[in-house]
Amino acid sequence: MAYVPLADQEQELHHPQSWLTTYVFSQDHKIIAIQYAGTAIAVGVVALVLSLLMRMQLGFPESFTLIDPSAYYQSVTMHGMIMVIYLLTALFLGGFGNYLIPLMVGARDMVFPFLNMLSYWVYLLSVLILLASFFVPGGPTGAGWTLYPPQVNMAGTPGNGLGIVFMLISLVFFVVAFTMGGLNYVTTVLQSRCRGLTMMRLPLTVWGIFVATVLGLFAFPALLVAGIMMTFDVLLGTSFFMPAVIEAGQALDYNGGSPILFQHLFWFFGHPEVYIVALPAFGLVSDVLSTHARKNIFGYRMMVWAIIAIGGLSFIVWAHHMYVSGMNPYFGFFFATTTLIIAVPTALKVYNWVLTLWEGDIRMNVPMYFAIGFIFTFIHGGLTGLFLGNVVIDMPLSDTYFVVAHFHMVMGVSPVLVLFAAIYHWFPKISGKMYHEGMAKAHFWITFIGAYAIYLPMHYLGFLGVPRRYYALGTTDFIPESAQALNANITIAALIVGAAQLLFFINIFWSLKNGKKADPNPWGSASLEWQTPDTPPKHGNWGDELPSVYRWAYDYSVPGAHQDFIPQNTPEDSEPTVDEQHFDPDHDQSKADI
Amino acid sequence: MALAVVIVILVVGSVIFHFASPWWFTDIAADWGSVDFVVDLTFWISGFVFITINLFLAYCIYKFRQKDGHKAVYEPENTKLEVSLSVVTSIGVVLMLAPGLFVWANFVSPPEDAHVVEIIGQQWQWSYRYPGADGQLGSADVKHISEINPWGVNPEDPAGQDDIVIDGPEFHLPVDLPVKTLLRSKDVLHNYTVAQFRVKMDLVPGMVTFLWFTPTKIGTYDILCEELCGIAHFMMRGKVVVEEQSDFDAWLAQQPTFAQTQSAAAPDLNAGRQLYAGCASCHGEQGEGNQALNAPKLAGLQSWYVQRQLKHFRVGARGVNDGDSAGAMMRPMAIALADDNAVRNVSAYVASLSDVPAASTIADANVRNGARIYSRNCAACHLDDASGTWYTDAPALAGMSDWYFVKQITNFRNRIRGEHSADDYGEQMVHMATAMADLEEIEDVAAYINSLR
């Protein structure tokens, strides 16, 4: 590729002048990444507490009196919205995207450092507006994280006044922040790769974040316009999404709007959003698995194309969230088909992760536990997606606990396990310290087994037909007493898992202070971010000279090499290069005895 | 190593959990067995994949764990393997998808001869409409909705006059006859679900949606709303009774046509006044109530509310619980009324009494806390000024006896009132009353309501 890398024109760095510009209004991608991550995790803790309140209500409805129906629906809403947007999206892209992209592509910083800084501060503003909605009269909106009209704007829904307005304004700011960050990530990947680093030599982390960001740049505008139109409906009395309706016996002054139009806009954003979270997780986990298995990621090219294919397909499956919405039922044929097609590239990724372990030399380091835990939960969550994607099966299961269990397995537990894998994996590089092994392992076991104890039984409540978003089950002719007992057990598991997250926080803070000094490349990783002259990397990342890359990021256990990995910046003449050979399908067939 | 063992345990545990679980699909009561077939097929295919991949994963973790002198094999790609895995996966996906699409083709095309029932949803109630003798539903629109026309049937449309209308949570269907249900909402999104029928669909204001099925099993089934529709979403319940055609016909014949509901004669206030003489000894000449006799104030209540409660006393939906001694005194008085017409007349008379707010009996309560609880949980039905509304069947609270309010909320909380199957929507109050954590909070709310008159 005949590009003139920005790397070749020595980039003018913005050098911090003071403590304030070094640590607060910093333009260094690494500081911004940590700011993003810290904010996202902090607001994520709020969402975690909300989920525990809901679980207490569901598990012990008779004795737990802390939340009323309004507070329950407000918790449902804020938990979902925070987890999906303000935690996962922000942490994967604003956190890991910011930290790893420049390091992995061998750049000194993002292409637009000032814009990058602005992105964080606007994100922080959106978080503060969101949190402020807890304190406005009526509290935050309780319409569910999907914010479906018309109820979002009507008297039977908590927070129908200022709560929903704050939510919509916060979302608008989030989209602005994401766009500033996203343009940066895409441009940096395309323009700032160091010499020798072709796209097909990039670590899958960069591929995952790159494609996810492109998805976001196309998907978030749908949310933005839906949010703005809804704000008009709420504040100005327009009828984009509001049909003629009765509120507590009185006709409201709306006419002709379409609630289903909002659902289309929301899910046109909402489904790609699933992959905006999942693709970075796919990338990060691939790199963790490969490094600790001491083996190249299996089927690299297939993995890249799968990421791209999943990203593309994710724009034409959105209405599988709407099978029972009352849209034209003929859409079901199309969306069921596209949805199940997406299972093929997704399954291939799973096969390739497992095949990466095959004939590896697996080091059971802490990140590896979380990465393998992810494979398990993702298989589970992916397979239940085949139920809900198939329009006919969605009929009995839609709006039940099966849906709750499915998306928490695939979009909650799985990405969160990857986040922990990634945090433990890159912690030595980011902080220069090692984490506490014992605490980290305890954290893994409780989180992994506990999460399964929460969500496996929940699928069965769904088979039974227990509806989601119910403050209390009440009496029905088909839900037995035992379902309540099961709910209580799920709640206990949830409380244990919730409490176990303290181990993570204690570990991080303890290790920052008391952790052993970390080796610059403790895992023997081949990718570029581990080859920085300083640990943690200093401003500008690479000292005097930018690195050059001579091979892909997965040269592990190369026959004839001096050690079991070859860093990407090792020239061809000092270590064997089999890099190009991995494009030859017949290569090493003799060893492929599976 | 430990992780390999745990993964095997989780896989085996999942299988055991499946076979031991009492939580599974309800017995099907409609002819959508084909849906269950596709579910089962998908369950076993995906279950097989789940077990296979995870056991292979565990095997890899065990077999290729780090050992001295062991080195990973360098193997970037294996095209043959990758292609064959893609093909096998695609075949599996087609196996699951194809039958699903065939069943869906059936779902999107209701039979021509299916009979039609309209199901109407609102916050947090159901109502129903059948085409009358002309076999045709009249047009409807939210702009026609009023206290006497809660269905919104167009009064000008001749086709609507003979429509049979039900203003209550229960409707009936004949067994073994395909039915196409038309779904309509008056306010927000709702979802019509009967777990035993397997199919569900949203009700969307501004449009009419549908689903169809053939009920195959005689019985009474719960209707649940499964689309979040506001704070009482979880308590929006209805009932569908599936019965023999002859029973169905007999039931339908008793239901009023739309024209009958619109032309009903006004209640007879004079007859009501005479009947009220029996009530006045406890409730007072002007319906002002008498706490010493456990008789609440009646003046100020809406007639439909009085009427409904008298019916509840008459059928034993109220006043039969051991904990409700005052209700037990009321029950024979209600039964003494001759018929539904007498109930209607006396209720109308009660509603016509001049309303003087009752004296407050609650001192030092936390009115601010009461206001918080009321506005978050009660106002959606009883309105901000606690005047109540026919729309949600919520009676007036402001100006009524506060001691009676405290007593009734306590009864709801203790499940003394509201859980009887004939007490339509009574269970809503059983659960909404939990918004008040204890007696103190109930009094806070009562004090706030006192401040509203």
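**Helix packing within and between chains A and B**

In this predicted model, α10(A) has 15 residues and reaches 22 Å from its first C-alpha to its last, close to the 21 Å expected at 1.5 Å a residue.

Reader: What makes α10(A) largely enclosed by the rest of the structure?

Author: A residue is counted as buried when 20 or more other C-beta atoms lie within 10 Å of its own, and 14 of the 15 residues of α10(A) are buried, so this helix is largely enclosed by the rest of the structure. Just beyond the helix comes Glu359(A), whose phi is positive, near 60°.

Reader: Why is α10(A) called roughly parallel to α2(B)?

Author: The two helices pack at an angle of about 25°, with their axes 9 Å apart; since angles under 35 degrees count as roughly parallel, α10(A) is described as roughly parallel to α2(B). Their crossing is left-handed.

Reader: Which residues of α10(A) and α2(B) meet, and of what class are they?

Author: From α10(A) come Val350(A), Val354(A) and Leu357(A), which meet Ile53(B), Phe56(B), Leu57(B), Cys60(B) and Ile61(B) of α2(B). The residues of this contact divide into 8 nonpolar, no polar and no charged.

Reader: How do you know that the span of α2(B) agrees with the value for a helix of 31 residues?

Author: At 1.5 Å a residue, the 31 residues of α2(B), residues 33-63, should span 45 Å, and the end C-alpha atoms are 44 Å apart, which agrees.

Reader: Which residues of α2(B) are buried, and what covers them?

Author: Among the buried residues of α2(B) are Val35(B), Val38(B), Val39(B), Ile53(B), Leu57(B), Cys60(B) and Ile61(B). The elements covering the buried residues of α2(B) include α10, α11 and α12 of chain A, together with α1 and α3 of chain B.

Reader: How many residues does each chain bring to the contact between chains A and B?

Author: Chain A gives 109 residues and chain B gives 101 residues. On the side of chain A that touches chain B, the largest share, 9 residues, comes from α11(A), and by class that side has 70 nonpolar, 25 polar and 14 charged residues.

Reader: Why are α3(A) and α6(A) called oblique to each other?

Author: Their axes come within 10 Å and cross at roughly 125°; this angle falls outside the ranges for roughly parallel, roughly antiparallel and roughly perpendicular, the last of which is 65 to 115 degrees, and α3(A) and α6(A) are therefore oblique to each other. The contact includes Leu93(A), Phe96(A) and Met104(A) of α3(A) and Val206(A), Ile209(A) and Ala212(A) of α6(A), and by class the contact has 8 nonpolar, 3 polar and no charged residues.

Note on methods:
Residues numbered from 1 in each chain as written. Chains lettered and ligands numbered in written order. Predicted model: local features only at pLDDT ≥ 70, side-chain atom pairs only at ≥ 80, totals over all residues. Helix = DSSP H or I, 4+ residues; strand = E, 2+ residues; numbered from the N terminus. Expected span 1.5 Å × (residues − 1). Buried ≥ 20, exposed ≤ 12 C-beta atoms within 10 Å, placed from the backbone. Contact = placed C-beta atoms within 7 Å. Axes fitted to C-alpha atoms, helices over the stretch in contact; angles between N-to-C directions. Parallel < 35°, antiparallel > 145°, perpendicular 65-115°, else oblique. Left-handed = near helix turned anticlockwise from the far one by under 90°. Nonpolar A, V, L, I, M, F, W, Y, C, P; charged D, E, K, R; others polar.
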